[in-house]
Amino acid sequence: MSLNSVLDEVRLRPGSGEVIPIIDPATEEQIGEFNDGGAEAVDNAVANARATFESGVWSQIPARERAKVLWRVADLIDEHAEELALIDSANTGMPLLQAQMIVPTCAEIFRYYAGWCTKLNGDAYQVQMTGGITGAHADLHAYTLKEPYGVVGLIFPWNGPIFNACTKLAPALAAGCSSVAKPAEETPLSVLVLERLLTQAGVPDGVVNLVTGYGHTAGAALVEHPDVEKIAFTGSTEVGRRIVAASAGNLKRVSLELGGKSPVLIYDDADLNSAITMAAMGIFIHSGQGCICGSRIFVQRGVYDQVVDGIAMVANNLQLGGPKDDGAVIGPLISEKQLNRVMGFIDEGRRDSVDVITGGHRLDRSGYFVHPTVLANVDQGMRLSQQEIFGPVVTVLPFDDDDEAVALANNSEYGLAATAWTRDLGRAHRLARRLQAGTVSLNCQLVFDHSVPFGGYKQSGWGHEWGREGVESFLQTKSVYTQL
Ligand code: NAD
C-alpha cells in the first residue's frame, strides 16, 4: 500500500466524531485526516472481538496452526518492509533509515512469538493431604492450564507506531486472545497496513479490530468497556494512572509500559569514547522521543568537563531533518503540542538559571525540530530533573562516589532503565543491584531484544512485555484438581 492509499483508507474509516488531522511533523503540513471512531466504533469492535473469541476460530485452533499464521505475518512484514518504513517515516517524521531499521525487528517479534504458541503449558502437581476439611486422606493430581484472557484492548503510543503495535499484537495473538487495538491519534497509518497483512496471513476476520481515534474518546471507551478483560497500554504515566482508574468498573487486568527519566552513570575509568557517543545517542536518537532515553547523565567529577564537551560536540554534529532531507539522522518532534512542551521545559530552565551548554532552541525552518540540548547546573528539585520531557534534552551533573551516583540515579518517581559505564565489572554488577530500574545496561546503551523481558519499576509501569512474560501477560492460570 502506498502512503496515498493508506491516507484514503484512514479517511474512510467509520467514525461519527470530530475530524482528526494528520500532520507531517517535518513540514507542519496536513497530509490527511480521519474521523474519530469514538465509543460507537469501540462497541462494534468489542462485539466483533467477543464473537470471534467465543466461536473459537482463533482461540481454540491447534497452537501449531496459530504459530504458522504468526510466522506468515512475519514473512509478510518482511515483504512489505519498505512500504511500512516509508509510511512510518512520513507519519512520524523520523528519517527513513531509522524506520527501515525498525521494521525487520517487527517481523522478528512475530517469529519469536510464533515459537511460543506451542509452549504455553501449565505445570503438574502431586498433592497428598491428610486431615483436610473432611479429615480424609486425599491423593490428588493437580495441574494448571494457561488460558487466554479473552477480549483485550491494546493501546499504542505514537513514538514507534509499527513497532509498538507488533510488540502487543504478536503475544496477544500467540496467547489466543481477540483484540481491539487503538493506535495513537497522531500515527494511525502503518497499523492499517499491518491489519491487511494479518488478514492475508490467515488471522480470521474479527480477531484483531482496529479503532482509530483520540485517547479521551475511543481510548477511554475501550478502557471503560465492561466486555474487555484486559488492557495492555503503552504511553505516558499520566494517562496510565487514568487507565488504572477507568478500568476499575469490571476490574479488568491492566499492564502498563509507561514513561521514564532514565539515568546514565559515567565513571572516570570508563571507555569514554564509547560512553560519550552512546550516552549522546541514547538521548538524542529519535529526538529524545523514546521511553528508555537516558535523559539524566551523571559523570564522575574527574572526567565531567571532558564528558560534557564530548556530548555537546555530538549534539552539535547531528544532522536534523525530515524523511526528504538527505543525510538527516534525527527527525522532528511529533507535534506542535510536543514542541511547546519541550520548549516550555527549556525556557523554565533558563528562568531558573541552568547552564545551556548547547542547543536550547528550535530550528529556524518549518517542522517541529529542536536542536539537541545539553543542560548543566540543574537542581534535583527542578521539574527539568524530575519530569519526563520526551525531547532531545539532557541534564549532565557531576558525582564523586558510588553512593552519590546511586542516590542521584534513584531520585526519581520513574524506574524504566538505567545505564552504567565503568571498566570495573565488580562495581558494574553491584550497581545493577542498586539501581531502581526494570532494565540496567552495563557498558552498552540502546541494545534491547524482544526475547528479554522489558518493564518498569516504580511509576514506569506494571508487568512486562517481551520474552515469556510478554505472552504470559495475555494468559490467565486455571488450577484443576483430580481425585486419584
Ligand atoms: P499518551 O499517554 O499521551 O498516549 C498513548 C496512547 O494512549 C494514545 O493512543 C492515546 O490516544 C491514548 N490515550 C490518551 N488518553 C487516554 C485515555 N484517557 N484513555 C485511554 N487511552 C488514552 O502517550 P504518547 O504521548 O502517545 O507517548 C509518549 C509516552 O509513551 C511517553 O511517556 C513515553 O515514555 C511512553 N512510552 C513508554 C514505552 C514503554 O515501553 N515503557 C514505550 C513507548 C512510549
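## Helix packing, an open sheet and selected residues

Glu83, Leu84, Ile87, Asp88 and Asn91 of α4 meet Leu189, Ser190, Val193 and Leu197 of α7. This contact belongs to a predicted model. The axes of α4 and α7 (residues 189–201) come within 8 Å and cross at roughly 155°. Angles over 145 degrees count as roughly antiparallel, and α4 is therefore roughly antiparallel to α7.

Helix α4 (residues 81–92) also packs on α5 (residues 96–116), at an angle of about 130° and with the axes 8 Å apart. That angle makes α4 oblique to α5, and the crossing of the two helices is right-handed. On the α4 side the contact is made by Ala81, Glu82, Leu84, Ala85, Leu86 and Ser89. Helix α5 contributes Leu96, Ala99, Gln100 and Val103.

The next element is the sheet. Seven strands form an open sheet in the order β12-β13-β14-β11-β10-β16-β17, with mixed pairing. Its edges are β12 (355–358) and β17 (439–442); each has a single partner strand, so one side of each is left without a neighbour in the sheet. On average, neighbouring strands of this sheet are turned by 25° against each other, direction ignored.

Within the sheet, β11 (residues 296–300) and β14 (residues 393–399) pair in the parallel sense over five bridges. Arginine 296 stands opposite threonine 395 in β14. Two helices lie across strands of the sheet. Helix α11 (residues 304–317) lies across β10 (263–266), β11, β12, β13 (373–376) and β14. Its direction is at about 60° to β12. Helix α14 (residues 402–410) lies across β10, β11 and β14, and runs at about 155° to β14.

The table collects the angles for these helices.

| Helix | Partner | Angle |
|---|---|---|
| α4 | α5 | about 130° |
| α4 | α7 | roughly 155° |
| α11 | β12 | about 60° |
| α14 | β14 | about 155° |

Helix α9 (residues 237–246) has buried residues at Thr237, Gly240 and Ile243. These cover an arc of only 105° around the axis, which puts them on the same side of α9. The face turned away from that buried side carries the exposed residues Glu238 and Ala245. The buried residues of α9 pack against four strands and a helix, among them β5 (151–155), α8 (215–224) and β8 (230–234). The same buried residues pack against β9 (253–257) and β15 (414–415).

Two single residues follow. Alanine 74 lies in helix α3 (residues 63–79). With 0% relative accessibility, alanine 74 counts as buried. Beyond its neighbours within four places in sequence, alanine 74 is in contact with Ala107, Phe110 and Arg111. Alanine 74 and serine 274 are 200 residues apart in sequence, and their C-alpha atoms are 34 Å apart in space.

Glutamate 465 has its place in the loop between β19 (461–462) and α16 (467–472). Its relative accessible area is 12%. Buried means under 20% relative accessible area, so glutamate 465 is buried. Leaving aside neighbours within four places in sequence, glutamate 465 is in contact with Thr167, Lys168, Thr234, Glu257, Val452, Pro453, Phe454 and Gly470.

Technical notes. Residues numbered from 1 in each chain as written. Predicted model: local features only at pLDDT ≥ 70, side-chain atom pairs only at ≥ 80, totals over all residues. Heavy atoms only, no water. Buried < 20%, exposed > 50% of the residue type's maximum accessible area, 1.4 Å probe, protein only. Arc of directions from axis to C-beta. Contact = heavy atoms within 4.5 Å. Pairing = 2+ DSSP bridges. Axes fitted to C-alpha atoms, helices over the stretch in contact; angles between N-to-C directions. Parallel < 35°, antiparallel > 145°, perpendicular 65-115°, else oblique. Left-handed = near helix turned anticlockwise from the far one by under 90°.
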